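Here are a few short exercises to help you find your way around a new structure. Try each one yourself before you read the worked solution.

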Amino acid sequence: MEAYELVSDYRHDDKLKESFHKLALCIHFNLIFSDWCKRGYWDEKYIPYSFIHNGKVISNASVYHMQS
């Protein structure tokens with residue numbers, strides 16, 4: 001059985017962030033996450049939960065904490 005790892009809150013890990021950005025481009029989001037990140041939107045409120053396989057992000061669900 002192949003190994004998958006669940007990781008979260010990796011905004012300071014450049015390798016995983018780049019892999020996340022590539023996944024987002026592959027699935028055709030209208031948002032380029034690398035630009036979004038450079039603008040400072042990936043802060044402590046944005047928490048991705050991603051499965052990693054062979055060092056690459058292969059799936060993701062994210063939470064953005066908001067105040068009501």
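**Exercise 1.** How many disulfides does a search of the whole structure find? Work out why Cys-37 has no bond to Cys-26.

*Solution.* Keep in mind that this is a predicted model.
- Start with the count: the search turns up 0 disulfides.
- Next, look at Cys-26, which is in no disulfide; its nearest cysteine sulfur belongs to Cys-37, 18 Å away.
- Recall the cut-off: two cysteine sulfur atoms have to lie within 2.5 Å to count as a disulfide.
- Now turn to Cys-37: its sulfur is 18 Å from the closest cysteine sulfur, the one in Cys-26, and that's too far for a bond.

**Exercise 2.** Buried or exposed: which word fits Cys-26, and which fits Cys-37?

*Solution.*
- You need two limits here: under 20% relative accessible area is buried, and over 50% is exposed.
- Cys-26 comes in at 58%, so it's exposed.
- Cys-37 has 18%, so it's buried.

**Exercise 3.** Find His-21. Which helix is it in, and which residues does it touch beyond four places away in sequence?

*Solution.*
- His-21 sits in helix H1, which covers residues 14–26.
- With a relative accessible area of 9%, His-21 is buried.
- Leaving out residues up to four places away in sequence, His-21 touches Phe-33, Ser-34, Cys-37 and Trp-42. One of these contacts is the Cys-37 you met above.

**Exercise 4.** Compare Ile-52 and Leu-6. Where does each one lie, and how far apart are their C-alpha atoms?

*Solution.*
- Ile-52 is part of strand S2, residues 46–53.
- Leu-6 belongs to strand S1, residues 5–8.
- Along the chain the two are 46 residues apart, yet their C-alpha atoms are separated by 6.3 Å.
- Check the accessibility of each: Ile-52 has 8% and is buried, whereas Leu-6 has 52% and is exposed.
- Finally, list the contacts of Ile-52, again skipping residues up to four places away in sequence: Ala-3, Tyr-4, Glu-5, Val-7, Leu-16 and Val-57.

**Exercise 5.** Which residues make the nonpolar surface patch of about 550 Å², and which elements give two or more residues to it?

*Solution.*
- The patch is made by Tyr-4, Leu-6, Tyr-49, Phe-51, Ile-58 and Val-63.
- Sort them by element: S2 and strand S3 (56–64) each give two or more residues.
- Leu-6, the exposed residue from Exercise 4, is one of the patch members too.

Technical notes: Residues numbered from 1 in each chain as written. Predicted model: local features only at pLDDT ≥ 70, side-chain atom pairs only at ≥ 80, totals over all residues. Heavy atoms only, no water. Buried < 20%, exposed > 50% of the residue type's maximum accessible area, 1.4 Å probe, protein only. Helix = DSSP H or I, 4+ residues; strand = E, 2+ residues; numbered from the N terminus. Contact = heavy atoms within 4.5 Å. Patch = residues over 30% accessible without salt bridge, like charges linked within 9 Å, V, L, I, M, F, W, Y side chains within 5 Å. Areas by Shrake-Rupley, 256 points an atom, 1.4 Å probe, with all protein chains shown as cover. Salt bridge = Lys/Arg side-chain N within 4 Å of Asp/Glu carboxyl O.
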